[in-house]
Amino acid sequence: MTKLVQLNFPEKYQIRLKQSQDKLYIFCLIRKKWLIYTPEEWVRQHVIKYLIEDLDYSISAIALEVPVQITGMRKRADIVVYQNAKPYIMVECKAPKVVINQTTFDQIARYNIVLGSQFLMVTNGLNHFYCMMDFEQKRYNFLKQLPKK
């Protein structure tokens, strides 16, 4: 069986897993279906639990794999939380072994030029970074956490 990395999220989160025909599956709370387990999906499902259980956002406000068109290329934002029908929080999830660096922030910043989310989160499940956009100064300011709903 795949060794699950202990992530830096509360242990109270119940992430549903199942083994079938030598493959590990993880249940996606938003898509309401079983997906083949990947380390990035492990992180994404923990972030979803964090947004719902700790920050009080509703399942219906959360979208996954949101299409983003950048210089003619189709990309996807991992998680977008909507408020008043507008992107409010965008989250970029990486596998635990991926180091969060300037390249990671550049990626989410490029996506946010299109989406215009007020808050950003970048995480590999072990390290979490939260930012609030300053659109006038064209920069982001780091925060201790994301806002509750």
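This section describes a three-stranded sheet, the helix across it and the charged residues around them in a predicted model.

Three strands form an open sheet in the order β1-β2-β3, with antiparallel pairing. Strands β1 (17-20) and β3 (33-36) are the edges, each pairing on one side only. From one strand to the next, the twist averages 40°. Strand β1 is joined to β2 (residues 23-28) by four bridges. In one of these pairings, serine 20 has lysine 23 of β2 as its bridge partner. Helix α1 lies across β1, β2 and β3 and runs at about 25° to β2.

Helix α1 spans residues 39-54 and includes lysine 49. Lysine 49 is buried, because its relative accessible area of 13% is under the 20% cut-off. Beyond its sequence neighbours up to four places away, lysine 49 touches Tyr13, Gln14, Ile15, Leu29 and Asp54.

The structure holds 10 salt bridges. Lysine 12 forms one of them with aspartate 54, with the closest N and O atoms 2.8 Å apart. This pair links distant parts of the chain: lysine 12 sits in the segment before β1, aspartate 54 in helix α1, 42 residues away. Lysine 12 is partly exposed, at 46% relative accessible area. Aspartate 54 is buried, at 18%.

Arginine 44 takes part in two salt bridges within helix α1. Its partner glutamate 40 lies four residues away, about one turn of the helix. The closest N and O atoms of that pair are 3.9 Å apart. Glutamate 41 is the other partner, at 3.0 Å, N to O. Arginine 44 and glutamate 41 are three residues apart in the helix, so about one helical turn separates them. Both of these residues are buried, arginine 44 at 4% relative accessibility. Glutamate 40, by contrast, is partly exposed, with a relative accessible area of 27%. A network of salt bridges links these three residues with Arg31, Glu65, Arg76 and Asp78.

Aspartate 54 also has a neighbour from much later in the sequence, lysine 148. Lysine 148 is found in the segment after β9 (139-143). A polar atom of the lysine 148 side chain lies 3.4 Å from the backbone oxygen of aspartate 54. Not counting residues up to four places away in sequence, lysine 148 touches Asp54, Leu55, Asp56 and Tyr57. Lysine 148 and aspartate 56 are 92 residues apart in sequence, yet their C-alpha atoms are 6.3 Å apart. Lysine 148 counts as exposed because its relative accessibility, 52%, is over 50%.

Note on methods
Residues are numbered from 1 along each chain as its sequence is written. This is a predicted model: local features need pLDDT of at least 70, side-chain atom pairs count only at pLDDT 80 or more; totals for chains, interfaces and linings use all residues. Side-chain values use heavy atoms; hydrogens and water are left out. Buried means under 20% relative accessible area, exposed over 50%, partly exposed in between (1.4 Å probe, protein chains only). Contact means heavy atoms within 4.5 Å. A polar contact is a pair of N or O atoms within 3.5 Å; within protein, one must be able to donate a hydrogen and the other to accept it, and residues adjacent in sequence count only if both atoms are side-chain atoms. Two strands pair if DSSP finds at least two bridges between them. Axes are lines fitted to C-alpha atoms, for helices over the stretch in contact, and angles run from 0 to 180 degrees between N-to-C directions. A salt bridge is a side-chain nitrogen of Lys or Arg within 4 Å of a carboxyl oxygen of Asp or Glu.
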